[in-house]
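Trainee: Got a minute to go through this one with me? I'd like to start with the charged side chains.

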Amino acid sequence: MDKQGWLYRAIDLYRDGFRQMTLGRTLWAIILIKLFIIFAILKVFFFPDYIKTHADKGKESDFVATQILKQ
């Protein structure tokens, strides 16, 4: 790879930035943990699969179309 290319310079910039972080690593860890909680744990317990429970197997697209057109 050409060391003067924009992609190499961008990767080098981020690599050096993350290498020199102290507080930033902790903040990124907190952000990643919160995203995991939001998308993995809360989705399972608070957002059930409505289409799977109300539509017939193989007819999910028809169910969604009728629900959209009703409103």
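Trainee: Is R15 buried, exposed or partly exposed, and what's its relative accessible area?
Mentor: R15 is partly exposed, at 40% relative accessible area. Keep in mind that this is a predicted model.

Trainee: Which side chain does R15 meet in a salt bridge?
Mentor: That's D12, with an N to O distance of 2.6 Å. D12 counts as partly exposed too, at 24% relative accessibility.

Trainee: How far apart are D12 and R15 in helix α1?
Mentor: They're 3 residues apart, so about one helical turn separates them.

Trainee: How many salt bridges are there by this rule?
Mentor: The count comes to 2. The other pairs R19 with D16, and there the closest N and O atoms are 3.1 Å apart. Both residues sit in helix α1, again 3 residues apart, or about one turn of the helix.

Trainee: And R19, buried or exposed?
Mentor: Exposed, because its relative accessible area is 52% and the cut-off for exposed is over 50%. Its partner D16 is at 29%, which counts as partly exposed.

Trainee: Switching topic: which residues make the nonpolar surface patch?
Mentor: L13, Y14, F18, W28, I31, L32, L35, I38 and F39 make it, and the patch covers about 980 Å². The elements giving two or more residues to it are α1 (6-19) and α2 (23-46).

Trainee: Which element gives the most to the patch?
Mentor: α2 does, with 6 residues. One residue to look at is L35, which is found in helix α2. L35 has a relative accessible area of 37%, so it is partly exposed.

Trainee: OK, aromatics next. How many aromatic pairs does the rule give?
Mentor: Just 1 aromatic pair. The rings belong to Y50 and F63, with centres 6.2 Å apart and planes at 40°, so the pair is tilted.

Trainee: Why tilted rather than stacked or edge-to-face?
Mentor: Planes under 30 degrees apart would count as stacked and over 60 as edge-to-face, so whatever falls in between is tilted. The 40° between Y50 and F63 puts them there.

Trainee: Where do Y50 and F63 lie?
Mentor: Y50 is in helix α3 (residues 50-54) and F63 is in helix α4 (residues 60-70), so the pair ties together parts that are 13 residues apart in sequence.

Trainee: Is F63 buried or exposed?
Mentor: Buried, at 15% relative accessibility. Y50 counts as partly exposed, at 47%.

Methods:
Residues numbered from 1 in each chain as written. Predicted model: local features only at pLDDT ≥ 70, side-chain atom pairs only at ≥ 80, totals over all residues. Heavy atoms only, no water. Phe/Tyr/Trp six-rings, centres within 6.5 Å; stacked < 30°, edge-to-face > 60°. Helix = DSSP H or I, 4+ residues; strand = E, 2+ residues; numbered from the N terminus. Buried < 20%, exposed > 50% of the residue type's maximum accessible area, 1.4 Å probe, protein only. Patch = residues over 30% accessible without salt bridge, like charges linked within 9 Å, V, L, I, M, F, W, Y side chains within 5 Å. Areas by Shrake-Rupley, 256 points an atom, 1.4 Å probe, with all protein chains shown as cover. Salt bridge = Lys/Arg side-chain N within 4 Å of Asp/Glu carboxyl O.
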